[in-house]
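Me: I would like to learn how to read the way copies of a chain are arranged and how they touch. Could you take me through it step by step?

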There are 4 protein chains.
Amino acid sequence: MKNQSLKEVLKLILSEIKDVLSKIDEKKTEAFIGKILKAKRRFLLGQGRSGLVARCFAMRLMQMGFPVYVVGETITPAIEEKDLLIVCSASGERHLVLEMASLAREKGAAICALTSREDSPLAKFSDLSIKIPVSLKGSSSQPLGSLFEQCLLLYLEGVVFVLMRRLDICEGEMRKRHANLE
Amino acid sequence: MKNQSLKEVLKLILSEIKDVLSKIDEKKTEAFIGKILKAKRRFLLGQGRSGLVARCFAMRLMQMGFPVYVVGETITPAIEEKDLLIVCSASGERHLVLEMASLAREKGAAICALTSREDSPLAKFSDLSIKIPVSLKGSSSQPLGSLFEQCLLLYLEGVVFVLMRRLDICEGEMRKRHANLE
Amino acid sequence: MKNQSLKEVLKLILSEIKDVLSKIDEKKTEAFIGKILKAKRRFLLGQGRSGLVARCFAMRLMQMGFPVYVVGETITPAIEEKDLLIVCSASGERHLVLEMASLAREKGAAICALTSREDSPLAKFSDLSIKIPVSLKGSSSQPLGSLFEQCLLLYLEGVVFVLMRRLDICEGEMRKRHANLE
Amino acid sequence: MKNQSLKEVLKLILSEIKDVLSKIDEKKTEAFIGKILKAKRRFLLGQGRSGLVARCFAMRLMQMGFPVYVVGETITPAIEEKDLLIVCSASGERHLVLEMASLAREKGAAICALTSREDSPLAKFSDLSIKIPVSLKGSSSQPLGSLFEQCLLLYLEGVVFVLMRRLDICEGEMRKRHANLE
């Protein structure tokens, strides 16, 4: 184990990911895409590495031309009715995340959760919850929420791909919106 | 000196600030306000503490209802013609800042610089440069760019105040747009 | 009022600030400095513009050589016993801020609050609370928490100044630690 | 194509990733791990989504107990001799990234590049360059740098895994350092 080569490790990671991704509910994804399309504005919320992955998705949504914000960034305005809050949280039970989701609901926004536990307070509380079925108790050989975060990224990349096809958005259009002061 | 009380120190800081603020060119401020009002979108750029102050200003612009972005944040799109880049830089000569200003200009955006040196490359390069007249060589008893950053914040607070009056924007309207997922 | 010049506005802002700063309790500042010096590590917490000001302070603490972190940034570790959490919050009653302060206390960290209200839940909860005596109800002619944030910045600049004198830290030493990849 | 299901899309993404990861040079990874272990402090640099992925890695390095910083965050100090700058850049030719790498080198830091092009200015300039062999010209069916960013994340997750094994760091130890004010 100690002497596993990187190649073997990457194979292991990929096989863990493949297993999780194959179990995500396709119908719920359709509902998710529907909510993204319907919302007036989209707000992404996540803590730690889930938050970083959420931002990767936010960037692509912006490049596709959707009004989108990241909770906690400078120019993020008040969430309102008809907005959609997309919450990324492995456990779905972090108090602060629940608190924010509850504030958003009070304002009339829809909530969509991406979480590993459908029985979590967050999932129950949301209008729609997509289960990224990673067991948080030890079935992965990777540390902490790594497998969840990897699957979350790739799942959302899939959603980007599907949105591009559906809306006939080409890469060139996205490149034109890509930040150019870097 | 070593035993100066906080009260004395704060008095000293305030008097340094007052001196600098009294020397800012009022006519240039009018031109700055004109550019803010006219721009399609506003992009704020700054490094380190100047960048943090720039974000304080960006937040108020958003709350007043102006489309505004912070360079480097997740959902910041490509800058284009008719946009305004507001660059905050004490020295006005940091290579990376100049590089970004030059990229923005290439795209056809207007550049407005807030800097301590009117003879800096940044100032020369900009459509408009507002001088925050802080000597960077030792006349302040505060460390590094502190006096510049303090004056920059208060100057921009003044600009916010003036914009609110001109456009008849009340505090309540700004509170409604204030981020509510905190 | 509508035609106030920027000069008049800046004068007004400065006089509001001066009034608030003159009323800050000097003895509590001594206690604050004591806590900063004694802590193993310092954690800065604030939302919105208060959070941006908190980061301005964190940057100077780092440049003076103190181990310091900003809550929410990438490499911020777990807070522990002997650490100090410095919370910047005008109202001192935001649920999320209280929640985090309470988590920090559970871990055994000391809490120091910078707030406008000594009777706020945050102030009562903290080991030390410094009152930045800004009335949040309308006595300032500036919008939202602006006056609080300005006074918070300048107060913390004063603390930096005092710390430099006490510890004989010169500007050159701080410049050497100043981020050089900008 | 327009009607591809999410399952098919995810399969496609995974097969693209698998193909790229299988081609990464194992010997260079050993050299990379050596540099990480040897450095006094590690600095992560990346723009846009590569930067978000870089931060995912930085978080794990912190949790493993390594001194690590993210370029552009508040408390990041000056880079110095014996430090390691890890640069994540698909093209390896962005002017601003090169500029920062060049500043780091001037200070005596080692540079390690993660890039898709071994003939890029960044790769040539670095002490070590790891090629993430993604063709930037159209062989992927995903938009922009997506495939690079996905492979970068998973590659770095593999490096985390290997480091944990080598240093006998268990998940519990990492959990203890995991940010607890979220």
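Reply: What follows is a short conversation about contacts and rotation axes in this predicted model.

Me: How many residues does each chain bring to the contact of chain A with chain D?

Reply: Chain A contributes 42 residues to this contact, and chain D contributes 42 residues as well. On the side of chain A that touches chain D, the elements giving two or more residues are helix 1 (6-21), helix 2 (26-38), helix 3 (48-63), helix 6 (146-167) and helix 7 (171-177) of chain A. The most comes from helix 6 of chain A, which gives ten residues. Sorted by class, that side of chain A holds 20 nonpolar, ten polar and twelve charged residues.

Me: Which rotation superposes chain A on chain D?

Reply: In general, a rotation about an axis, together with a shift along that axis, relates two copies of a chain. Here, chain A is superposed on chain D by a rotation of 180° with 0.0 Å of shift along its axis, at an RMSD of 0.0 Å. The two copies are therefore related as by a two-fold rotation axis.

Me: Which residue of chain A comes closest to that rotation axis?

Reply: Among the residues of chain A, Leu52(A) comes closest, with its C-alpha at 2.9 Å from the axis. Both copies use the same surface, since 100% of the contact residues of chain A recur in chain D.

Me: What turn and what shift lay chain A on chain B?

Reply: For that pair, a turn of 180° and a shift of 0.0 Å along the axis lay chain A on chain B with an RMSD of 0.0 Å. Of the residues of chain A, Glu73(A) comes closest to this rotation axis, at 3.6 Å (C-alpha). Because 100% of the interface residues of chain A are also interface residues in chain B, these copies meet through the same surface.

How values were computed
Residues numbered from 1 in each chain as written. Chains lettered and ligands numbered in written order. Predicted model: local features only at pLDDT ≥ 70, side-chain atom pairs only at ≥ 80, totals over all residues. Contact = placed C-beta atoms within 7 Å. Helix = DSSP H or I, 4+ residues; strand = E, 2+ residues; numbered from the N terminus. Nonpolar A, V, L, I, M, F, W, Y, C, P; charged D, E, K, R; others polar. Least-squares fit on C-alpha atoms with pLDDT ≥ 70 in both.
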